[in-house]
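Work through the exercises below with the sequence and the model at hand. Each task is followed by a solution in steps.

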Amino acid sequence: STTSKIQRVTLIPGDGIGPEIAESVKKVFSAVKAPIEWETVVVDANTGISKEVIESIKTNKIGLKGPISTPIGTGHQSLNLGLRKTFNLYANVRPCLSVPGHKTRYDDVNTVVIRENTEGEYSGIENQPVKGVAQSIKIITKEASTRIANYAFQYAMANGRKKVTCIHKANIMKQSDGLFVKSCREVSTRYPSVKYEELTIDNNCMQLVLNPAQLDVMVLPNLYGDIVSDLCAGLIGGLGLTPSGNIGDHGTAIFEAVHGTAPDIAGKNLANPTALILSSIMMLRHLGHFYEASLIENAVLNTLSEGKVKTKDLGGQSTCTEYTNELVRKITESL
Ligand code: NAD
């Protein structure tokens, strides 16, 4: 895509290992000559989400974010949640792809969880009407359900996916999950080229563990999405390899690794940048830069499957810099 315009992207390196893995992404992006210009802004426990950060993301619409530590036990809302709320990032997207060089119980996982991120069980409306009784109100709206279903099908189309499965418990929660399913079903009729299925959440969990290859894109209400996305991360070997995207209206999106700041290894050049690199690949695809995304993805998958250059968390000996240099070498070779 040599003719495409340069897109400015807000880069939040974060803290802990954040700056090290963000540096790695920058090197890899230079190697593929991605048409991206970084605008680096600081978000940490001291600065909070400043006006400058909000302006930057509003203008650029796209952000890549390293992990940010959340101090435990203070009244602060997590900065991660703050960003999600500020920009109404209604879809949480988490692809899980088996990585050949990283042995787990499964070698054929290729799923994408699309989680509704704004309502459901997370509306935060709870009370105790009488002593000894607590209630929590789950809100499902047609508007948000239709929006997430549309996003799931659009994603499937844009990424060459074959099937969308709506995950629910409408047999018990007839009204709320019933509305979610009905909305998904309606939307599905507008995308005849994508297969559509429905599964209850309990059955979905069993099917994922028995044979994850049968699932492709899944669309879920908030709580089920939270749980199933971690289940899927576990299938491919956990935090080091799981990217995510938080998507809002008009293309606004923030991409980030699922893991935290890893304070135990920060500043030691030991961090594995793969999850943030995979997040940046999602970002490139979101922006339509499929060629650059595939070049980086191939370099990552080939390096990991060869197994010679791997970071410590994956059982290797290499530093973050050595691993990054190997990716750059492979990319340069393939150009
Ligand atoms: P963590 O993910 O930072 O670390 C858990 C373990 O995994 C540690 O042993 C760490 O060394 C290892 N690890 C994580 N990412 C790694 C990587 N890329 N390469 C190599 N090893 C890696 O989780 P935690 O210790 O529970 O949290 C630390 C801090 O991060 C906390 O302040 C927490 O609030 C924050 N956090 C932020 C985010 C985010 O910004 N999205 C997410 C989770 C946690």
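H6 and H7 are roughly parallel to each other, where roughly parallel stands for angles under 35 degrees, roughly antiparallel for over 145, roughly perpendicular for 65 to 115 and oblique for the rest. The model is a predicted one, in which local features need pLDDT of at least 70 and side-chain atom pairs count only at pLDDT 80 or more, while totals for chains, interfaces and linings use all residues. Residue numbers start from 1 along each chain as its sequence is written.

**Exercise 1.** Find the angle and the axis separation behind the statement on H6 and H7, and list the residues that meet.

Step 1. Helices (H or I, at least four residues) and strands (E, at least two) are DSSP runs numbered from the N terminus. Helix H6 covers residues 201-210 and helix H7 residues 222-236.

Step 2. Axes are lines fitted to C-alpha atoms, for helices over the stretch in contact, and angles run from 0 to 180 degrees between N-to-C directions. The axes of H6 and H7 cross at roughly 5 degrees and come within 11 Å.

Step 3. Contact requires C-beta atoms, placed from the backbone, within 7 Å. From H6, Ile 201, Asn 204, Cys 205 and Leu 208 meet Tyr 224, Val 228, Leu 231, Cys 232 and Leu 235 of H7.

Step 4. By class, this contact of H6 with H7 has eight nonpolar residues, one polar and no charged. Nonpolar covers Ala, Val, Leu, Ile, Met, Phe, Trp, Tyr, Cys and Pro; charged covers Asp, Glu, Lys and Arg; the others, Gly among them, are polar.

**Exercise 2.** Place strand S10 in its sheet and state which way its side chains point.

Step 1. Strands pair if DSSP finds at least two bridges between them. The open sheet has ten strands in the order S2-S1-S3-S12-S11-S4-S5-S10-S8-S9, with mixed pairing.

Step 2. Strand S2 (36-40) and strand S9 (195-200) are at the edges with a single partner strand each, so one side of each has no neighbour in the sheet.

Step 3. S10 runs parallel to strand S5 (residues 110-116), joined by four bridges, and parallel to strand S8 (residues 163-168), joined by three.

Step 4. Met 218 in S10 stands opposite Val 113 and also opposite Thr 165. Val 219 is the bridge partner of Ile 114.

Step 5. From S10 (residues 217-220), Val 217 and Val 219 point one way and Met 218 and Leu 220 the other, all of them buried. Buried means 20 or more other C-beta atoms within 10 Å of the residue's own, exposed 12 or fewer, and partly exposed in between, with C-beta atoms placed from the backbone.

Definitions and conventions. Two residues are in contact if their C-beta atoms, placed from the backbone, lie within 7 Å.
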